[in-house]
Amino acid sequence: MNQPKRVLIVGAVAGGASCAARLRRLDEQAEIVLFDRGPFASFANCGLPYYVGGVIEDERQLLLASPDLFRQRFNIEVRTRNEVAAIDRSRCEIEARDLATGRLYRERYDALVLSPGATPLRPQVPGVDLPGIFALRTIPDSRDIREWIQTRRPARAVVVGAGLIGLEMTENLVRRGLQVTVVERLPQVMPALDPEMAEPVSRRLETNRVALHLDDAVSAFEADPNGALRVTTHSGRSFAADLVILAAGTRPESDLAKAAGLEVGSSGGIRVDESMRTSDPRIWAVGDAVEVRDLVTGQWRLVPLAGPAQRQARVAVDSICGREARFRGAQGTMVCGFFGLTVALTGATEKDLRGAGISDYQAVYLHPGSHAGYYPGAKPLHMKLIFRRGDGRILGAQAVGEEGVEKRIDVLAVAIQKQATVFDLEECELCYAPQYGAAKDPVNLAGMVAANVLRGDVQLAPWEELPQTVALLVDVRDPDEFAAGHIDGAVNVPLGELRRRIGELPREREIWVYCELGQRSYYAVRFLRQNGFQVRNLSGGYQTYWGWYP
Ligand SMILES: Cc1cc2nc3c(=O)[nH]c(=O)nc-3n(C[C@H](O)[C@H](O)[C@H](O)COP(=O)(O)OP(=O)(O)OC[C@H]3O[C@@H](n4cnc5c(N)ncnc54)[C@H](O)[C@@H]3O)c2cc1C
């Protein structure tokens with residue numbers, strides 16, 4: 001009889017716990033040991049901001065599976081408070097340290113899986129280790145923050161970083177009654193978005209009395225004699241704070257792999273092949289610690305999200321068990337919400353495409369309702385769809401709104417993975433009843449708007465060239481809408497008057513048309529083109545203008 005396979009797993013949370021559970025499903029004989037340096041296995045890191053904010057009240061709700069459950073239900077051994085300190089690849093052994101006793105010991109493996117996650121980045125500035133400054137990664141971190149809030153009763157917080165975790169923490173600190181200042185090094189919030197799509201997020205933060213300081217980075221932390229903190233930034237600003245949250249991104253935990261001589265990519269993530277195997281054939285790696293191929297750009301990148309970690313775990317275990325398995329790559333599909341706003345994206349942004357040297361793409365904007373306008377309660381959805389000019393293949397999508405955001409992005413995520421085109425989106429048959437969507441769903445609409453461009457029915461004017469354009473700007477909204485605000489230099493010719501006033505428009509000069517959302521201007525473009533004018537549409541209309549020129 002074959003010896004049972006001995007599989008050791010470093011990291012017992014998202015990727016590691018999933019590996020262990022699937023391995024047991026595939027191999028009843030395998031000996032499986034999970035190691036985690038922390039006190040818990042399999043907890044919900046994604047819930048931590050909500051535990052700090054009190055939305056999740058009981059810490060036990062964050063615990064998805066205990067070591068006891070792993071043992072009883074799956075015959076899997078979990079060693080919490082045990083850190084894997086080294087990998088001896090020549091002997092197929094790891095060296096682990098029992099953090100309770102300090103004892104060092106070795107364990108043999110037939111297969112080793114690394115799922116050690118990522119570490120929060122701590123800005124290398126004076127005072128970063130002062131009391132009252134926290135990062136959030138583990139249950140103990142969230143406990144420490146809760147305890148600080150309960151015992152110190154802080155009134156003012158500074159959150160460093162305006163990405164997913166920073167903004168979730170911001171909302172939860174506001175929920176706790178704190179006055180929050182967010183400091184972000186980049187000139188936009190939610191760096192995963194293109195800047196114009198991040199604008200509604202900034203506005204929502206400001207309307208919730210969050211002070212936002214973009215394009216500025218923390219340069220020092222100081223504590224005054226009574227313990228209050230002072231946060232100074234490179235621009236010379238200074239903020240008083242009773243609590244600071246560091247949410248400036250993460251770095252893959254690849255030190256163990258590096259020390260063992262495993263290949264690590266330029267992003268700092270462990271390099272793996274499509275079966276999640278590292279440069280050592282007996283070692284696999286998954287989750288935040290690895291770099292993976294971007295499904296759209298083909299470049300190596302870090303995608304520190306729970307979904308890819310889970311899928312990678314499945315692939316790694318299949319591969320360990322000799323099954324054919326291939327990780328297709330990641331597309332960075334993510335969603336987050338704060339102050340009633342949902343933000344989601346999938347695939348490449350324009351920033352990503354430019355960074356990858358890809359220029360054969362086009363973006364369209366649209367602002368449909370979350371469901372049929374005649375049914376009460378529809379909320380605007382701000383969407384951006386990016387597609388390849390050559391063949392219409394969908395490359396990326398971003399959406400912001402109060403309702404129906406994630407549903408559309410999820411559909412588009414599948415479309416991207418299946419290499420669908422904007423023409424496929426036109427044809428998508430999606431569910432519709434007035435309270436849920438529209439007979440022409442925003443996903444269909446996005447496809448139609450994009451397909452109109454590819455079929456040559458409409459030419460788009462580039463938003464970024466608006467300040468320099470010599471084209472005549474024509475606002476086809478109604479006079480009251482024009483009076484309430486318009487693009488500088490635009491003339492108002494409402495759509496309903498266009499036929500009658502066609503003689504006022506120049507034939508020798510290009511015309512750029514816009515309306516509020518892009519729909520009336522599309523009619524105007526079609527009318528003017530068929531009458532021989534050189535005309536382009538400003539995609540997404542005045543609503544998009546606000547994103548570009550806040
Ligand atoms: C506050 C927060 C909110 C998040 N929200 C979302 C969200 O909404 N959506 C989403 O998709 N993703 C979210 N994420 C990211 C998601 O949690 C991670 O992508 C996912 O947990 C990665 O899984 P992993 O197994 O790679 O790492 P982890 O789940 O972090 O597990 C790694 C474990 O390995 C242990 N470890 C590391 N080195 C060693 C060692 N040498 N020896 C022993 N143990 C070791 C660590 O202690 C840790 O417990 C969030 C993360 C955080 C922190």
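These are my notebook entries on the salt bridges, a pocket and a surface patch of this structure.

**Entry 1. Model**

I worked from a predicted model.

**Entry 2. Salt bridges**

I looked up the total and found that the structure holds 43 salt bridges. I then examined individual pairs.

I began with Asp58, which pairs with Arg60 in a salt bridge whose closest N and O atoms are 2.7 Å apart. I asked how Asp58 should be classed, buried, partly exposed or exposed. Its relative accessibility is 27%, so Asp58 counts as partly exposed. Arg60 counts as exposed because its relative accessibility is 62%, the cut-off for that class being over 50%.

I turned next to Lys384 and its salt bridge with Asp194, where the closest N and O atoms lie 2.8 Å apart. I noted that Lys384 belongs to strand β25, whereas Asp194 sits in the loop between β11 (179–183) and α6 (195–207); the pair therefore ties together parts that are 190 residues apart in sequence. I checked burial and found both Lys384 and Asp194 buried.

My third pair was Arg408 and Asp441, a salt bridge with its closest N and O atoms 2.8 Å apart. I located Arg408 in helix α10 (residues 405–417) and Asp441 in the loop between α11 (422–427) and α12, so that the pair links distant parts of the chain, 33 residues apart. Arg408 has a relative accessibility of 1% and therefore counts as buried. Asp441, at 2% relative accessibility, also counts as buried.

I also traced salt bridges that share partners: they join Arg6, Glu31, Glu77, Arg79 and Glu107 into one network.

**Entry 3. Second largest pocket**

I looked up the second largest pocket, which holds about 590 Å³ of space. I recorded 26 lining residues, of which Leu366, Leu445, Val449, Gly518 and Gln519 are the closest to the pocket's centre. I asked which elements give two or more residues to this lining. They are β24, α12 (442–454) and α14 (519–530). The most comes from α12, with six residues. By residue class, I found the lining to divide into 15 nonpolar, ten polar and one charged.

**Entry 4. Surface patch**

I looked for a nonpolar patch on the surface and found one formed by Tyr374, Tyr375 and Tyr432, which together have about 350 Å² of accessible area. I placed Tyr375 in the loop between β24 (361–366) and β25 (381–388). Tyr375 is partly exposed, with a relative accessible area of 33%. Membership of a patch requires over 30% relative accessible area.

How values were computed: Residues numbered from 1 in each chain as written. Predicted model: local features only at pLDDT ≥ 70, side-chain atom pairs only at ≥ 80, totals over all residues. Heavy atoms only, no water. Patch = residues over 30% accessible without salt bridge, like charges linked within 9 Å, V, L, I, M, F, W, Y side chains within 5 Å. Areas by Shrake-Rupley, 256 points an atom, 1.4 Å probe, with all protein chains shown as cover. Salt bridge = Lys/Arg side-chain N within 4 Å of Asp/Glu carboxyl O. Helix = DSSP H or I, 4+ residues; strand = E, 2+ residues; numbered from the N terminus. Buried < 20%, exposed > 50% of the residue type's maximum accessible area, 1.4 Å probe, protein only. 1 Å grid on protein atoms, 1.4 Å probe; cavity = no way out; pocket = protein on both sides within 12 Å on 5 of 7 lines; lining within 4 Å. Points joined across faces, edges and corners; volume = space filled by probe spheres on them. Nonpolar A, V, L, I, M, F, W, Y, C, P; charged D, E, K, R; others polar.
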